[in-house]
Amino acid sequence: MFIVPESAIASLITPEASFAAVESVFAAMSKGDAYNFPVIREAIGHADALYGFKSGFDRAGLALGLKSGGYWPGNEAKGLTNHQSTVFLFDADTGKVKAVVGGNLLTALRTAAASAVSIKHLAREDAKVLGMIGAGHQSAFQMRAAVKQRNFEKVIGWNYHPEMLPKLEATATELGLPFEAVELADMGARADVIISITSSFAPTLMSAHVTPGTHIACMGTDTKGKQEVEAKLLTRAHVFTDEIAQSISIGEAQHAISEGLIEQNDITEIGAVINGTATGRTGADDITLFDGTGVGLQDLAVAASVVEAAIAAGVAIEVDF
Ligand code: NAD
């Protein structure tokens with residue numbers, strides 16, 4: 001088996017390769033070529049941590065495996081990222097372990113790739129203003145991936161902890177874009193695309209904040225109980241997701257579903273839009289909402305691409321296991 005340590009990942013995968021891997025696995029899921037197994041995610045009652053497994057099998061690409069890990073909110077104070085994860089890949093023909101791959105950077109890249117895929121397929125072509133809600137570890141990756149999809153001219157941002165806003169400004173500056181901190185109503189009125197990536201358990205972005213034509217990528221809600229936007233907003237929006245089973249159970253749509261505001265049939269898999277078997281945005285005034293819950297197959301897709309690159313570059317550590 002091969003080991004690809006976290007420290008080697010950055011030189012082995014680009015945001016473009018992550019985007020391509022994620023877009024193609026979403027398409028494969030929708031064709032029925034790849035499927036995710038049910039997610040296990042538990043509050044372990046220690047260190048305030050959420051821990052679990054996301055796993056699946058891509059029959060076409062023969063990627064079989066799991067990502068194990070979760071979210072430790074106290075890690076930043078220890079100089080570590082709050083997300084800690086590791087991907088395990090197995091040989092689909094024999095079940096033997098094939099590779100162990102550091103999953104921290106890959107998680108950020110594949111999550112940013114997912115919202116970027118949603119922007120590519122659902123946002124208005126003339127989108128100019130990018131709104132960011134959330135200024136944590138993921139936010140910079142999200143912004144960098146998003147700006148590749150449209151000709152954004154400005155970034156506006158809001159964060160629950162305003163002292164973190166300079167981080168968003170620094171990323172916008174790195175990307176050559178002006179940044180302005182705004183209130184949520186202003187964000188809703190001015191942003192053409194809004195990415196929400198927070199660890200919130202209560203809605204931040206309310207339906208009244210959001211104006212027609214906006215695309216919203218809800219990327220933070222990946223666990224039962226979490227919520228970033230008001231459930232009522234989902235009744236005004238065309239709702240898309242990576243995987244419907246996750247969207248209604250651990251994603252943003254869990255609340256609108258449990259409150260009886262929308263039904264499962266109201267949600268479309270983004271893979272179907274990518275494959276051309278479902279309609280995405282139907283007009284300039286549509287509100288489109290992508291519920292990016294984060295699926296195991298995204299992790300397997302980027303990890304498999306990294307293992308190939310690591311073997312080719314001679315940096316994969318081979319272990320007799
Ligand atoms: P982080 O801890 O670095 O940042 C957390 C962010 O949430 C900060 O902006 C913080 O100010 C904000 N926040 C904290 N409490 C809040 C509250 N009560 N209300 C509103 N905002 C609040 O975390 P991160 O690594 O940036 O990840 C953010 C979220 O994204 C996490 O919840 C994580 O589980 C989720 N996530 C989802 C996926 C996916 O595939 N969908 C992948 C990775 C991370």
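1. At 41% relative accessibility, Ala 47 counts as partly exposed, because that class lies between the limits of 20% for buried and 50% for exposed. Ala 47 sits in the loop that connects β3 (40-43) with β4 (50-58), and its phi is near 55°, a positive value in a residue other than glycine. The model is a predicted one, and this backbone angle should be read with that origin in mind.

2. A second residue invites a similar reading, namely Leu 62, whose phi is positive, at about 55°, although Leu 62 is not a glycine. Its place is in the loop between β4 and β5 (63-71). With a relative accessibility of 39%, Leu 62 is likewise partly exposed, since this value falls between the 20% and 50% limits of that class.

3. Which residues does Trp 72 touch, once its neighbours within four places in sequence are left aside? The contacts of Trp 72 are Ala 47, Ala 49, Leu 50, Tyr 51, Asn 82 and Gln 84, so the list includes the Ala 47 of the first point. Trp 72 itself belongs to the loop between β5 and β6 (83-90). Between Trp 72 and Ala 49 the C-alpha to C-alpha distance is 4.6 Å, although the two residues are 23 positions apart in the sequence.

4. Turning to the sheet, the model contains an open sheet of 8 strands with parallel pairing, in the order β10-β9-β8-β11-β13-β17-β15-β16. Its edge strands are β10 (179-181) and β16 (267-269), each of which pairs on one side only. From one strand to the next the twist averages 20°.

5. At the β10 edge, β9 (residues 154-158) and β10 pair in the parallel sense over 3 bridges, and within this pairing Val 155 has Phe 179 of β10 as its bridge partner. Helix α4 (residues 137-146) packs on the sheet, where it touches β8 (129-133), β9 and β11 (193-196). The direction of helix α4 makes about 165° with that of β8.

6. Toward the other edge, strand β15 (residues 238-241) has parallel pairings with two strands of the sheet: 4 bridges join it to β17 (residues 288-291), and 3 bridges join β15 to β16. In the pairing with β17, Thr 241 has Asp 291 as its bridge partner, while Phe 240 stands opposite Thr 268 in β16. As a general point for inspecting side chains here, those of a regular strand alternate between the two faces of the sheet.

7. The last point concerns the ligand, which has 27 residues around it, and among these Tyr 71, Arg 110, Asn 159, His 161 and Lys 226 come nearest. Which residues place a polar side-chain atom by an oxygen atom of the ligand? For Asn 159 the distance from such an atom to a ligand oxygen is 2.7 Å, and for Asp 222 the corresponding distance is 2.9 Å. Ala 135 contributes through its backbone instead, with an N or O atom lying 2.8 Å from an oxygen atom of the ligand. The protein covers 91% of the 860 Å² of accessible area that the ligand has on its own.

Conventions:
Residues are numbered from 1 along each chain as its sequence is written. This is a predicted model: local features need pLDDT of at least 70, side-chain atom pairs count only at pLDDT 80 or more; totals for chains, interfaces and linings use all residues. Side-chain values use heavy atoms; hydrogens and water are left out. Buried means under 20% relative accessible area, exposed over 50%, partly exposed in between (1.4 Å probe, protein chains only). Two strands pair if DSSP finds at least two bridges between them. Axes are lines fitted to C-alpha atoms, for helices over the stretch in contact, and angles run from 0 to 180 degrees between N-to-C directions. Contact means heavy atoms within 4.5 Å. A residue is near a molecule or strand if one of its heavy atoms lies within 4 Å of it. A polar contact is a pair of N or O atoms within 3.5 Å; within protein, one must be able to donate a hydrogen and the other to accept it, and residues adjacent in sequence count only if both atoms are side-chain atoms. Accessible areas come from the Shrake-Rupley method with a 1.4 Å probe; for residues, only the protein chains shown count as cover.
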